[in-house]
Amino acid sequence: MIAALGTPEHFTRWADERLSAARAALAELLAAGGARTFENTLGPYERLARELDDASAVGSLLSEVHPDPALREAAEGAVRSASELATELSLHRGLYDAIAAVDVGDVGDVSDASGLEPDARRLVERTLRDFRRAGVDRDEPTRARLEELARREVALGQDFDRNLREDVRSVRLDPAQLDGLPADYIAAHPPGDDGKVTITTDYPDAVPLRTYAKDGAARLALQRQSLDRGWPANDRVFRELLETRREKATLLGHRDYADYVTADKMIGSGTQVREFVERIATLSEARARRDVALLLERKQRDEPGATTVGGYESAYYEELLKRERCALDSTEVRRYFPFARVRDGLLAVTGRLFGLEYRTVPEVATWHDEVTVHDVVRTSDGAPVGRIYLDLHPRDGKYKHAAQFTVRSGTGSERLPEGALVTNFSRGLLEHDEVVTLFHEFGHLLHHLLGGGQRFVRFSGVATEWDFVEAPSQLLEEWAWDAQTLASFARHDETGAAIPADLVARMRAADELGKGAFARTQMFYASLALRYHQHPAPLELDTTAIVVEEQERLAPFPYLDGTHFQAGFGHLNGYSAMYYTYMWSLVIAKDLFSAFEQSGLHDTTTAHRYRDLVLARGGVRDAADLVADFLGRPYDFDAFRRWLDR
């Protein structure tokens, strides 16, 4: 698929060819005469979907990672064109009528007189539902307005992401203000001609400084810059994006966008999101208060008159508590996590667990020379599974967070899935939190690959309900906390000694310190996203005032005066009102993990059952059914509650 690389003109030509092929498949479908069948309707529709998916997926990836601004711009254009065609198709009454005319027969577990198997019937049913959600059954003026709004939403979303991606800020500090930071960090940040050190808001710079720097003024200065990324440009963009979404939702008969976007998710409605947020907030409130009280008590030993702990100092004082209460020094922990060993260890661990082998593919064209390429095969028979691209270090113009991107959606052996993992990790030593993040994001990549054996793109890979997609990734994080797993690859960068089991035990104990504060922070983010998307007049909205209100109500740490967190909250574009999904998925992930707690984390029988019953089935069944198939019962809150109270 990365044959699309080259000049901006080359890429644009490739993307245009995909969209032309999609339109040709549409024309073939519409021209078919006689009864509507799999061959003359669903077959061309699937070819259409594949071409459209390819153009959108590769365009989305390259717009975020390619080092050439001109090609990033061309990729953004391809995404817009693909989105416009997708919107046109979603409102195409003739296409809807053609698919609706396919005889799906009686719903059952085997093919019937209609000739359609369960996945084909599910394709028809879900496609028709999506058509109706898009507004295909509305009158012509309404459909035209919905199409216009869809184009506007894509353009505004791209503006929001671009403003955030390109707004890297920094602070200039005296070298003495790096006191407390690891020696390799200090060595990597030499003073400039003016004697000052530059620290950026990129993760490899910002996270260690907030965690280890003794100088509170330095931490505060960097936090201010981090919280103002995307401001003020994204304020206008975001309010217009909210207004666009609001109008779309109301045209489609929904009370607000939150209700619209959750109607086809596991949770069902914005009201249910609010109930879930408040439930988690209540469950975690007492634990969060204890967490903050511990931090404040520790801060008061440095500042006897202190009455609050700010978000800019929470990581620092939490680190001190880890050292004093758990005998844990994170600067020493990171010595066991050289980047290359972590990357190779992750591949080895997941390979053993899920029966996979990763074969490095040399001399493959990629978008950057630091990207590595690996073909994935089954160890049982050598059968190919797919291909992955690992783009793991920061650079100018690159996506600033961590995510899995689709390169190609798989549809069985004739079209293998391809995916990219995009992160911003140091090339040297990693914090253990970064190791956890790497396992998490790789969980998405595995889901994409292992779920890529479906017949239809619609159900390929991470194609379950949106509020389930984080659960497999959150589950894989558990192995990053397991002493046996870590000992298999975590080696001291100087001595080569494996990480001791007692150190991992102390790491786990230290992780318990901020559990309640973490849950409340997540609910602050979820409630913020929900409120924005329920507001009746977004263009008049004071977005900062909402941050202040929700942070005071739910967050464990106070609002930092004069900052604008919302402008840099990237999930407000991609996730819209659905930030709740991280915690919703965590509830399910903890329940899934209960099966491994019983059998052992390295029991391949359980791992293969999970692989085959959940990951490998993509979206061919509802998420709740996949979980029930694996657990032997519906999921519940019990495992999550035990984890929170532990």
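Contact is taken here as heavy atoms within 4.5 Å, and helices are DSSP runs (H or I, at least four residues) numbered from the N terminus. The model is predicted, so that local features need pLDDT of at least 70 and side-chain atom pairs count only at pLDDT 80 or more, whereas totals for chains, interfaces and linings use all residues. Residues are numbered from 1 along each chain as its sequence is written, and side-chain values use heavy atoms, with hydrogens and water left out.

In helix H24 (residues 604–613), the buried residues (under 20% relative accessible area, 1.4 Å probe, protein chains only) are Thr606, Ala607, Tyr610 and Arg611. Seen down the axis of H24, these residues fall within an arc of 140 degrees, taken from the directions from the helix axis to the C-beta atoms, and they therefore line one face of the helix. The cover over the buried residues of H24 includes helix H15 (339–354), H16, H17, helix H23 (581–599) and helix H25 (623–631).

Helix H23 also gives 11 residues, the largest share, to the largest nonpolar core, a core being a set of buried Ala, Val, Leu, Ile, Met, Phe, Trp, Tyr and Cys residues joined through side-chain atoms within 4.5 Å. This core has 127 residues, and those with the most contacts inside it are Phe337, Phe442 and Met507. Leaving aside neighbours within four places in sequence, Met507 is in contact with Leu328, Val333, Phe337, His432, Trp481, Leu486 and Ile499. A second, separate core of 28 residues includes Leu29, Leu48, Leu52 and Tyr96.

Definitions and conventions: Buried < 20%, exposed > 50% of the residue type's maximum accessible area, 1.4 Å probe, protein only. Helix = DSSP H or I, 4+ residues; strand = E, 2+ residues; numbered from the N terminus.
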